[in-house]
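Subject: Structure for your review

Dear colleague,

Please find the structure below, together with its sequence. A short account of what was found in it follows.

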Amino acid sequence: MATDQFQSPDYFLVDDLLTDEQKLIRETVRSYVKKEISPIIEDFAQRAEFPEQIVPQLGELGCFGPTIPAEYGGGGLDYISYGLMMQELERGDSGVRSTASVQGSLVMFPIHAYGSEEQKQKYLPKLASGEWLGCFGLTEPDHGSNPAGMITNIKDAGDDVVLNGAKLWISNAPFAQVAVVWAKDEAGDVRGLIVERGMEGFTTPTTHGKWSLRASATGELVFDNVRVPKENILPGVKGLKGPLSCLTKARYGIAWGALGAAMDCYDTALRYSTEREQFGKPIGAFQLQQKKLAEMITEITKGQLLNWRLGVLMNEGRATPQQVSMAKRNSCEVATNIARQARQMLGGMGITGEYSIMRHMMNLESVITYEGTHDIHLLITGMDVTGINAFG
C-alpha cells in the first residue's frame, strides 16, 4: 500500500496569513486523511462503494457543521478554518469532501438558519456527531440549473402536508436519515421541510454506473404521497432564497476543496518528475515538464490567495454570493486543468490507481458541474459586472 507523502505547496507563504488555530485545524484534518482516507480510498473508488465508516469519524473530527455554534454540536469555527478542512478532505477525495459539505452547508446550515428551536435541538447535534447523515433535495430530473421550475410539491392535509415529487443526483441519499427537501406549496412558494427516513412513501434509490465520485453515495429522493408533519417545515424562509443561500455556503467549501485536489495532483506530479527518468535524466529536467509544473503552482497560488481573501470576507459577513461563485468556478477550472496536465506528466502510470490523479480527474468532472455549473457561474459573474441578466 502506497504511503501518503503529500506536502502542501505554499509558494507565497500564505501560512503567514493563518492563525495558529487555523493551522492546527488544517494539520489535524490532514493527518486524518493520511491515516484513514488515503490508504482505503482507491479500493472504495474502484469498487464504487461508499466508506460508511467515515461518517462517525468526520463527526468526531468536527468536519460536520464546523461553523455551527457549539451549543448545537458544531465547532463554532470561522470560515477560513472551515475552508481549510474542506481543502484537506478533498485533497483525499472529492466524495469525502462532498459528504462533509452536504452535511454542514446543505443540511445543518438551513436547519440552523431557518429552523425552529425545536428543530435545531432535535437534528443538529445528531448531524454534527455523525450519528445521523443528511442530504439536500433541490435538483429534479427535469430541473437542474433552473430550480424555479421545480414540480415537487406539498399540499395541506391538516396537521401534515402531503409531499409528492422526485429529486435527482442527491449526495448521501442512500445512507441519509434525514433530507432537507425544497418543494412548492399550494401558493407556489418554495418551502423547506425535513423528511425523515421511514416516512411512508419516501424512498432513496441508489444511482449506479457513475464514472465520477465513485466513493460517494449518490441517489434519488422519491416522494409518493409522503405525509410530513407541519412541524417539520422550516419556518424561517420562503422562496428560492432558502436553497440558494445553502448553495452559497456549499460553493464556498468547494472553492477550497477543489484547490485541495489540485494540490494533490501537483504534489504527485512534482515528486514523479524528480523520480522518473527518460533519456538519461529526470523528466523534471525537461523544459515542457517544468512549464507544466510552473503553471500549476502559479494557479494554485492565485487560488490560495483568492480563497483566503474570500474567507476573510465571509468572516466579516461581507462576502457576496457572486464572489463565492467566482471562487468556486476558478478553483474547479484550475483543479480540472491541473489534474489533466499532471496525468499527462505521469504518462501511462497516470491512469492507474497507484496514483490519485485519474481519480481526482474523474471526480472533478462532477465538482465542476454540481452546485452550479461552470457556465452558470460565468453568467453569474457576467450579470454582476454588467448588470444585464443573460439567463434567458
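I begin with one residue, F109, which has a relative accessibility of 16% and therefore counts as buried, since the cut-off for that class is under 20%. Please keep in mind that this is a predicted model.

The aromatic rings come next. A pair of aromatic rings is described by the distance of the centres and the angle of the planes. The count comes to 11 aromatic pairs in this model. One of them joins F109 to Y114: the ring centres lie 6.2 Å apart and the planes meet at 75 degrees, an edge-to-face arrangement. Y114 is likewise a buried residue, because its relative accessibility is 9%. Elsewhere in the model, one aromatic cluster is made up of Y79, Y82, Y252 and W256.

Two rings have a charged group placed over them. The ring of F44 has the charged end of R47 above it, at 4.8 Å from the ring centre. In the case of F286, the charged end of K281 sits over the ring, and the distance to the centre is 4.7 Å.

Finally, I would draw your attention to S171. Where does S171 lie? S171 belongs to strand β3, which covers residues 160–171. With a relative accessible area of 12%, S171 is buried. If neighbours within four places in sequence are left aside, S171 is in contact with V102, C135, S216, A217 and T218.

Yours sincerely

Conventions
Residues are numbered from 1 along each chain as its sequence is written. This is a predicted model: local features need pLDDT of at least 70, side-chain atom pairs count only at pLDDT 80 or more; totals for chains, interfaces and linings use all residues. Side-chain values use heavy atoms; hydrogens and water are left out. Rings of Phe, Tyr and Trp (its six-membered ring) pair if their centres lie within 6.5 Å; planes under 30 degrees apart count as stacked, over 60 as edge-to-face and the rest as tilted. Buried means under 20% relative accessible area, exposed over 50%, partly exposed in between (1.4 Å probe, protein chains only). A charge sits over a ring if NZ of Lys or CZ of Arg is within 6 Å of the ring centre and within 35 degrees of the ring normal. Helices (H or I, at least four residues) and strands (E, at least two) are DSSP runs, numbered from the N terminus. Contact means heavy atoms within 4.5 Å.
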